[in-house]
Amino acid sequence: MISYKSTGSPMIQQSDGVSLSAIVKPENIIFLDGTPSREEAVRRLAERILPQVDGVISRKALLDRISEVEKLNQVLESGFYIPHAKFPELDGFFAVLGIMQEGFTDPASGLRVKAALLLLSPHKPAFFQRHLNMLSLLSQTFQPELIEKLASLRDSSAAAAIITGR
Amino acid sequence: MAPSPRFKQVFVLSTAMLSFISFWKAAAVVLCDLGSSAYYAGGIAMNAFGPAFPWYVMAVMLFAGLMIMVYVESCAMFVRGGVYKVVNEAMGHSMAKISVSALIFDYMVTGPISAVSAGLYVSGLLYNVLPLLHIGWHVPPNVFAVFFAVLVTAYFWRENIKGVEESSDKNFKIMVFVSVVGAVLMGWSLLTVWQRGFNVPPFKLAFTKESMGWMVNFPWLRSIAIVGILMAFGHSILALSGLETLAQVYREIEDPKIKNLKKAAMLIFIFSLLFTGGLTFLASSIIPPAMVGGKYADNLLSGLALELNGPFWARLVLQFFVVVSGSLMLVGAVNTALVGSNGVLNRVAEDGILHDWFRHLHKKYGTTYRMINMVAISQIAVIILSRGNIYLIGEAYAFGVMWSLVFKTLSLIILRFNEELPRGWMFPLNIKLDKVYFPAGMIVVFLILLSASAINLFTKRIATISGLAFTAVFYAIFQISENMNRKKAKLYAESEDSDEMLNLRKEDDITTILPELSKPKKILVPVRNPNNLVHLKSVLETADDDTTDIIVLSAKIAKGAHLEGDQGTITEEDQDLFGPIVLMAEKYGKTVKPIFVFSNDPFYSMAQVAQAAGADEIVMGVSGSTGAEVQLERLAMAWGMLKKPGAPAKPLLARVVWEGRQMTYQLS
């Protein structure tokens with residue numbers, strides 16, 4: 001799947017495909033009203049994802065880790081934000097999508113953010129290729145047109161259907 | 001709304017887009033300069049100290065082999081191998097300025113001596129051919145040579161202003177032609193010698209009053225045999241011109257550089273020995289001594305062709321080919337002198353010891369025309385002052401080449417003790433003392449050089465006076481320039497036209513440079529810190545130059561801007577990044593395409609350039625602030641965002657390289 005090795009010839013294999021339908025489900029989509037700050041939006045997404053990882057990651061560990069990596073995360077030019085963190089305890093992807101009608105202005109880039117997806121991934125070398133593929137797929141999918149369409153919705157099932165194309 | 005472009009303008013560093021050449025072509029470039037002395041060295045030496053001249057020309061060519069080895073060591077070091085850089089590293093700024101002044105004087109004389117010699121050869125041919133065509137024109141050879149030399153210099157002056165680069169292909173073709181003519185001349189000469197018998201040239205030296213210079217006042221010194229030998233050696237040393245070209249051409253030798261440099265050096269040595277040494281020897285054996293010093297003093301190899309056994313028409317045809325090949329080579333040496341001096345002056349100007357006034361670029365052609373004007377005007381002045389008398393220019397010669405070689409060899413010896421960094425190759429005969437390789441062999445070479453140079457100071461009066469005067473004038477120019485630049489640096493934070501000085505080409509869009517990336521494989525190497533180029537090194541070590549375009553991308557971060565219109569200028573700090581990149585590319589003999597963009601997201605610019613260029617691979621250095629995983633995550637997101645939904649994209653290999661390790665993943 002991946003190589004993480006001393007300098008030498010790279011050992012690359014085509015990664016397993018990743019799919020949005022596994023992580024973007026109606027129950028994992030929330031609508032955030034008003035104009036929350038970036039930190040507030042991420043905190044609310046973290047609270048929402050907690051039940052999915054209950055018993056595997058503690059609330060404190062989750063919030064601490066997200067707070068730590070949040071400093072490194074950047075809003076994409078498309079106005080889509082993917083706060084993401086890796087945990088060794090996990091075996092698969094976990095995600096929550098927040099859609100905001102008004103959105104917030106990212107203080108670092110000045111970009112307007114109307115969609116943010118909190119992604120948790122396993123912190124395992126063998127999973128990193130899939131993690132990159134998922135980030136790439138999310139960035140490719142959440143283009144400005146789609147984000148504007150999602151921001152006008154109030155129905156998570158409809159939002160999931162638009163995102164996954166079903 | 002589609003994402004707004006993160007950058008529009010692209011700057012391409014054209015000075016760094018070196019194309020690399022084979023050792024054959026590298027040798028041809030050097031030989032066009034070094035080998036050209038075969039046409040005049042013998043005649044000048046004969047007039048200086050008599051019929052023993054072939055021994056000394058041969059000795060100089062053997063000594064040239066040693067000097068070529070000195071140059072190989074200097075090229076294979078940790079600094080660029082030219083005189084200025086090496087002397088600067090070993091002996092400091094002032095000595096570097098003196099040695100480069102001497103070197104420029106060498107170029108000032110090399111051009112004229114080659115151009116006048118070519119004119120004399122053509123004149124000699126016309127002298128034989130015009131009567132056969134019933135044309136009764138008679139132009140004195142020296143007058144013709146002056147006109148011819150001025151015209152040739154003016155032509156190359158214009159060509160250099162226009163920025164027509166020296167072509168290694170042309171040099172190679174000239175050298176093939178010269179080799180064929182040389183082989184025929186040598187073969188026919190051997191046949192003639194076989195028929196007539198061989199006269200061993202005498203060893204006895206017969207200096208003229210003129211060639212003894214101030215030594216006339218020291219008869220007791222002349223009676224010492226070794227002094228006489230050194231005097232004759234010094235008069236023959238003009239056959240040594242052109243070695244500095246080896247240091248310049250080394251930049252362009254293809255990978256593996258040291259191996260190819262050694263092959264080129266061997267080729268240069270063998271050719272010079274046979275062509276200059278061998279033909280001079282044969283000329284002395286076949287042409288009567290009186291004619292060597294008289295009728296054929298100005299065109300010795302023409303004389304050799306005409307004095308061979310055979311029908312006159314055949315000898316005339318051979319003379320024609322000798323003149324054509326010789327003129328091509330000599331005229332090439334005129335161009336090499338202009339290109340070389342301009343290159344050296346540019347190098348010292350980069351170090352701030354030549355005022356920026358000299359670096360002003362031509363409005364239309366973008367060349368440093370003021371430097372070219374200065375050199376060309378000086379060369380034309382030398383030609384006119386010589387009145388076509390090649391012996392007179394020969395007398396002025398050797399000061400520059402000798403003293404620049406003295407300083408250079410001494411610097412290499414000093415660096416053996418001061419700098420223990422490994423060399424790609426070392427001059428032989430070394431004694432290992434603790435960590436130092438004591439350069440016994442090179443010290444012997446240095447002592448010979450120093451002795452001959454010191455003797456030349458007394459015997460070659462014109463060279464000493466003009467050389468010292470010129471070196472003093474140029475040293476003063478360097479000193480004044482340096483002082484003025486120092487004051488200027490305090491007044492201005494950055495140069496206003498620094499973009500131009502780096503030969504940066506501005507393009508509106510990345511797509512305009514895509515046609516220049518024609519190789520099947522493309523690797524993008526983002527760079528940010530000149531001290532962190534481990535990843536570029538790893539690419540240069542492994543990439544195949546024939547099949548791979550290496551695009552070196554530097555993105556200047558312009559925060560918060562949507563980057564419409566002009567994004568500003570490139571500062572000196574930005575430019576400093578390119579220096580180590582160019583040096584590294586030169587070291588590995590691989591072509592790189594450095595481009596500079598303004599962006600507000602480096603990962604977006606990487607992904608955009610990679611997708612536009614159809615890159616197969618991105619190789620990044622590790623970031624100390626974020627780490628390799630975060631870099632790959634950001635690249636993956638930028639890569640995904642730029643992909644059109646549903647459109648298949650070429651998979652990209654993303655590598656992060658740091659000392660001893662790498663992470664490699666695929667972005668699809």
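These exercises work through chains A and B of a predicted model.

**Exercise 1. Overview of chain B**

Task: State how many helices and strands chain B has, and what share of its residues is buried.

Solution.
- Start with secondary structure: chain B has 26 helices and 10 strands.
- Turn to burial: 51% of the 668 residues of chain B count as buried.
- Then take contacts with a separation of 6 or more: in chain B, 83% of them join residues 24 or more positions apart.

**Exercise 2. One residue in helix 5**

Task: Decide whether B:I98 is buried or exposed, and find its contacts beyond four places in sequence.

Solution.
- Locate the residue: B:I98 belongs to helix 5 of chain B, residues 93-132.
- Count neighbours: 20 other C-beta atoms lie within 10 Å of B:I98.
- Apply the cut-off: a residue with 20 or more is buried, so B:I98 is buried.
- Look beyond four places in sequence: B:I98 touches B:T471 and B:Y475.
- Check a C-alpha distance: B:I98 and B:A472 are 374 residues apart along the chain, yet their C-alpha atoms are separated by 8.0 Å.

**Exercise 3. A helix pair**

Task: Describe how helix 7 and helix 15 of chain B pack, and which residues make the contact.

Solution.
- Set the geometry: helix 7 (residues 168-196) and helix 15 (residues 312-350) of chain B pack at about 145°, with axes 9 Å apart.
- Assign the hand: the crossing of these two helices is left-handed.
- List the helix 7 side: B:N171, B:I174, B:F177, B:V178, B:V181, B:V184, B:L185 and B:W188.
- List the helix 15 side: B:L318, B:F321, B:V322, B:S325, B:L328, B:M329 and B:G332.
- Consider the spacing rule: an α-helix has 3.6 residues a turn, so residues three or four places apart point the same way.
- Sort by class: the contact has 12 nonpolar residues, 3 polar ones and no charged ones.

**Exercise 4. An enclosed helix**

Task: Explain why helix 2 of chain B counts as largely enclosed.

Solution.
- Count: 9 of the 9 residues of helix 2 (residues 41-49) of chain B are buried.
- Name some: among them are B:I44, B:M46, B:N47 and B:F49.
- Conclude: helix 2 of chain B is largely enclosed by the rest of the structure because its residues are buried, 9 of 9.
- Inspect what follows: B:G50 comes after helix 2 of chain B and has a positive phi, near 90°.

**Exercise 5. Strand 6 of chain B**

Task: Find which strands pair with strand 6 of chain B, and in what sense.

Solution.
- Check burial: 8 of the 10 residues of strand 6 (residues 548-557) of chain B are buried, so this strand is largely enclosed.
- Take one partner: strand 5 (residues 521-526) of chain B pairs with strand 6 in the parallel sense over 6 bridges.
- Pick a pair: B:I550 in strand 6 stands opposite B:I523.
- Trace the connection: the chain runs from strand 5 through helix 22 (residues 534-542) to strand 6 of chain B, a right-handed β-α-β crossover.
- Take another partner: strand 7 (residues 592-599) of chain B runs parallel to strand 6, with 8 bridges. There, B:L553 is bridged to B:I595.

**Exercise 6. Strand 6 of chain A**

Task: Give the sense in which strand 4 and strand 5 of chain A pair with strand 6 of chain A.

Solution.
- Check cover: 9 of the 11 residues of strand 6 (residues 112-122) of chain A are buried.
- Strand 4 (residues 84-87) of chain A pairs with strand 6 in the parallel sense over 4 bridges, and A:K86 has A:S121 as bridge partner.
- Strand 5 (residues 94-105) of chain A pairs with strand 6 in the antiparallel sense over 8 bridges, and A:L97 stands opposite A:L117.
- Examine the hairpin of strands 5 and 6 of chain A: 6 residues lie between the strands, and A:G110 takes a positive phi near 80°.

Key. Residues numbered from 1 in each chain as written. Chains lettered and ligands numbered in written order. Predicted model: local features only at pLDDT ≥ 70, side-chain atom pairs only at ≥ 80, totals over all residues. Buried ≥ 20, exposed ≤ 12 C-beta atoms within 10 Å, placed from the backbone. Contact = placed C-beta atoms within 7 Å. Axes fitted to C-alpha atoms, helices over the stretch in contact; angles between N-to-C directions. Left-handed = near helix turned anticlockwise from the far one by under 90°. Nonpolar A, V, L, I, M, F, W, Y, C, P; charged D, E, K, R; others polar. Pairing = 2+ DSSP bridges. Right-handed = clockwise from strand over helix to strand, strands pointing away.
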